[in-house]
Amino acid sequence: TGEGRAAMQALLLVQPNTVPALLGYGGMLDLLGDRRGALAAMERAVAIAPTDPDALNALGYTLTNRTRRHDDAYRLIRTALELEPDSPAILDSMGWVLFRLGRRDEALGFLEQALAQMADPEIAAHLAEALWVTGERDRARELLDRFVDLHPDDAVLADTRERLLR
């Protein structure tokens, strides 16, 4: 929304070089469809804190989802994972970028580990898509059904289910 954007811009005026503010702003811009603005904010966060696993992961994940720069995303996420190897969010990002790179069998291990640590609907959607593409369609359906029952309003799950099960 315009109010949310204005609030985030005001925060950046007060705290222009803080990673959390930049990542929050970048995430909001991404949700609003401003890919360039989102990437610029996240790139600035990484420039300020090149060893911050949250900044590296946020930029890598956004590159994976919003661009074709999967090799760049992989390098960022790999570094984040080295810094924080047990983070379910980073494990999910690694699985997702590997999936996008066509390394689907490798992706499954990361996605399964991420979901085992955090029962998140977006992680479930990523795992279901990887399962579907690798031929484990019954498992993918079961996973989607279970998570849609738990999170009926989740847009990522709904979109994934619609694409795969149509």
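# A helix-by-helix tour

The crossing of H2 and H3 is left-handed, and that is where our tour starts. Keep in mind as you click around that this is a predicted model.

**Stop 1: H2 and H3**

Select residues 19-31 to bring up helix H2. Its 13 residues should span 18 Å at 1.5 Å a residue, and the end C-alpha atoms are indeed 18 Å apart, so the two figures agree. Now add residues 35-48, which make up helix H3. The two helices pack at an angle of about 160 degrees, and their axes are 7 Å apart. That makes H2 roughly antiparallel to H3.

Turn on side chains to see who meets whom. On the H2 side, look for Val 19, Leu 22, Leu 23, Tyr 25, Gly 26, Gly 27, Leu 29 and Asp 30. Across from them, in H3, are Gly 37, Ala 38, Ala 41, Met 42, Arg 44, Ala 45 and Ile 48. Several residues of H2 are buried, among them Ala 21, Met 28 and Asp 30. Before moving on, click Gly 33, which follows H2 and has a positive phi, near 90 degrees.

**Stop 2: H5, by way of two residues**

Next, select residues 70-83, helix H5. Begin with His 70, which belongs to this helix. Is His 70 buried or exposed? Its relative accessibility is 13%, so His 70 counts as buried, the cut-off being under 20%. Leaving aside residues up to four places away in sequence, His 70 touches Leu 63, Thr 64, Val 97, Arg 100 and Leu 101.

Slide along H5 to Ala 73. This one is buried too, with a relative accessible area of 0%. Which residues does Ala 73 touch, not counting residues up to four places away in sequence? They are Gly 60, Leu 63, Thr 64 and Val 97. Try a distance label between the C-alpha atoms of Ala 73 and Val 97: they are 24 residues apart along the chain, yet separated by 7.0 Å.

**Stop 3: H6, the covered helix**

Val 97 leads us on to helix H6, where it is one of the buried residues. Select residues 88-100 to see the whole of H6. This helix has 13 residues and reaches 18 Å from its first C-alpha to its last, close to the 18 Å expected at 1.5 Å a residue.

How many of the residues of H6 are buried? The count is 11 of 13, so H6 is mostly covered. Among the buried ones are Pro 88, Ile 90, Trp 96 and Phe 99. To see what covers them, show H4 (53-66), H5, H7 and H8, which are all included in the cover.

Focus on H5 and H6 for a moment. Their axes come within 9 Å and cross at roughly 155 degrees, and the two helices are therefore roughly antiparallel to each other. This crossing is left-handed. The H5 residues that meet H6 include Tyr 74, Ile 77 and Leu 81, while their partners in H6 include Ile 90, Met 94 and Leu 98. Just after H6, Gly 102 takes a positive phi of about 85 degrees.

**Stop 4: across to H7**

Now add residues 104-117, helix H7. H6 and H7 pack at an angle of about 160 degrees, with axes 8 Å apart. They are therefore roughly antiparallel to each other, and H6 passes H7 in a left-handed crossing. Among the H6 residues here are Leu 91, Gly 95 and Trp 96; the H7 residues they and others in H6 meet include Ala 107, Phe 110 and Ala 114.

Zoom in on Gln 117, in H7. With a relative accessible area of 39%, Gln 117 is partly exposed. Beyond residues up to four places away in sequence, Gln 117 touches Asp 86, Ser 87, Pro 88 and Leu 91. From Gln 117 to Leu 91 is 26 residues in sequence and 9.6 Å in space, C-alpha to C-alpha.

**Last stop: H9 and its two sides**

Finish with residues 137-150, helix H9. Its 14 residues reach 20 Å from first C-alpha to last, close to the expected 20 Å. Colour the buried residues: Ala 140, Leu 143, Leu 144, Phe 147 and Val 148. Look down the axis of H9 and these fall within an arc of 125 degrees, so they line one face of the helix. They pack against H7, H8 (121-133) and H10 (155-165). Which exposed residues does the face turned away from the buried side of H9 carry? Spin the view and you'll find Asp 138, Glu 142, Asp 149 and Leu 150.

How values were computed. Residues numbered from 1 in each chain as written. Predicted model: local features only at pLDDT ≥ 70, side-chain atom pairs only at ≥ 80, totals over all residues. Heavy atoms only, no water. Helix = DSSP H or I, 4+ residues; strand = E, 2+ residues; numbered from the N terminus. Expected span 1.5 Å × (residues − 1). Buried < 20%, exposed > 50% of the residue type's maximum accessible area, 1.4 Å probe, protein only. Arc of directions from axis to C-beta. Contact = heavy atoms within 4.5 Å. Axes fitted to C-alpha atoms, helices over the stretch in contact; angles between N-to-C directions. Parallel < 35°, antiparallel > 145°, perpendicular 65-115°, else oblique. Left-handed = near helix turned anticlockwise from the far one by under 90°.
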